Amino acid sequence: MSNEEISNSSWIFLFLAWIVALTATLGSLFFSEIMEFVPCTLCWYQRIFMYPLVIIFLMGMFPYDKQVVRYALPLVSLGWLFSLYHNLIHYEIIPESASPCVQGIPCSTKYIQWLGFLTIPMMSFIAFSLIGILLYMIKRRKA
C-alpha cells in the first residue's frame, strides 16, 4: 500500500471518528438542552473529554495531521474510563455510594433505556469505544 493510500484511508478513519464525536456531542446537547435532562457529575466529565475531540479531529483533517492520534488518545482513554465507571454504576455492579454524584442528580439516574440496555452512559461508552477503534486503525496504518 502506497503512502498516499495509507494517508487517504487514515483520513477516512479520522473523518469517521469526527462524525462519531460530533454525533455524541450533539446528542448530549439535545438531551440536556431540548429534553431538559440534567447531567450528573460523571456525565459532565465525559462531556469534558468528548467535546474537544470534535475540534481536534476537524483540525487534524484539514490538512491531515499524522499526530492527531497523539493529541486525541488521552481524551478518548480518559473518557472511555469514565463512561465504563458510569456504566458499572448504572448496572449496579458498583454501588451508588461509590459515585462522585453527591449533590444534584444521582449518577444512577436512567433518563432513557432503549432496547432494554441502551442508556445515555452506554451511548457514551459506545462512542468512546468506536473512536478508540478508529484511532487504533489510524495508528496501525502508519506503522
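## Note on a predicted helical model

1. Phenylalanine 82 is partly exposed, because its relative accessible area of 25% is neither under 20% nor over 50%. Keep in mind that this is a predicted model.

2. Which ring does phenylalanine 82 pair with? Its partner is tyrosine 45. The two ring centres are 5.1 Å apart. The planes meet at 55°, so the pair is tilted; a pair counts as edge-to-face over 60 degrees and as stacked under 30. This contact links distant parts of the chain. Tyrosine 45 belongs to helix H2 and phenylalanine 82 to helix H3, with 37 residues separating them. Tyrosine 45 has a relative accessibility of 34%, so tyrosine 45 is partly exposed.

3. The structure has ten aromatic pairs. Some rings form a cluster: Phe30, Phe31, Phe37, Tyr111 and Trp114 are linked by ring pairs. Look also at tryptophan 44. Arginine 47 lies over the face of this ring, 4.9 Å from the ring centre.

4. Next, helix H2. It covers residues 41-61, which makes 21 residues. From first C-alpha to last it reaches 32 Å. At 1.5 Å a residue, 30 Å would be expected, and the helix comes close to that. Which H2 residues are buried? The list includes Leu42, Cys43, Gln46 and Arg47. Phe49, Met50, Leu53 and Val54 are also buried, as are Phe57, Gly60 and Met61. Note that Arg47 is buried, and that arginine 47 is the residue over the tryptophan 44 ring.

5. Now the loop between H2 and H3, where proline 63 sits. Is the peptide bond from phenylalanine 62 to proline 63 cis or trans? The bond is cis, and its omega is near -10°.

6. The loop between H3 and H4 holds glutamate 92 and leucine 115. Check their backbone angles. Glutamate 92 is not a glycine, yet its phi is positive, at about 60°. Leucine 115 is not a glycine either, and it has a positive phi of about 55°. Are these residues buried or exposed? Glutamate 92 has a relative accessible area of 70%, so it is exposed. Leucine 115 has a relative accessibility of 76%, so it counts as exposed too. The cut-off for exposed is over 50%.

7. Phenylalanine 128 lies in helix H4. Its relative accessible area is 1%, so it is buried. Compare its position with arginine 141. The two residues are 13 apart in sequence. Their C-alpha atoms are 20 Å apart in space.

8. Finally, the largest pocket. Its volume is about 510 Å³. How many residues line the largest pocket? There are 33. Ala24, Ser28, Ile120, Met123 and Ser124 lie nearest the centre. Helices H1 (3-34), H2, H3 (68-90) and H4 (120-142) each give at least two residues to the lining. By type, the lining has 21 nonpolar residues, ten polar and two charged.

Technical notes:
Residues are numbered from 1 along each chain as its sequence is written. This is a predicted model: local features need pLDDT of at least 70, side-chain atom pairs count only at pLDDT 80 or more; totals for chains, interfaces and linings use all residues. Side-chain values use heavy atoms; hydrogens and water are left out. Helices (H or I, at least four residues) and strands (E, at least two) are DSSP runs, numbered from the N terminus. The expected span of a helix is 1.5 Å times one less than its number of residues. Buried means under 20% relative accessible area, exposed over 50%, partly exposed in between (1.4 Å probe, protein chains only). On a 1 Å grid over the protein atoms alone, a cavity is a set of points where a 1.4 Å probe fits but cannot get out, and a pocket is an open set with protein on both sides within 12 Å along at least five of seven lines; lining residues have an atom within 4 Å of a point. Grid points are joined across faces, edges and corners, and a volume is the space filled by probe spheres set on the points. Ala, Val, Leu, Ile, Met, Phe, Trp, Tyr, Cys and Pro count as nonpolar, Asp, Glu, Lys and Arg as charged, and the others, Gly among them, as polar. Rings of Phe, Tyr and Trp (its six-membered ring) pair if their centres lie within 6.5 Å; planes under 30 degrees apart count as stacked, over 60 as edge-to-face and the rest as tilted. A charge sits over a ring if NZ of Lys or CZ of Arg is within 6 Å of the ring centre and within 35 degrees of the ring normal.
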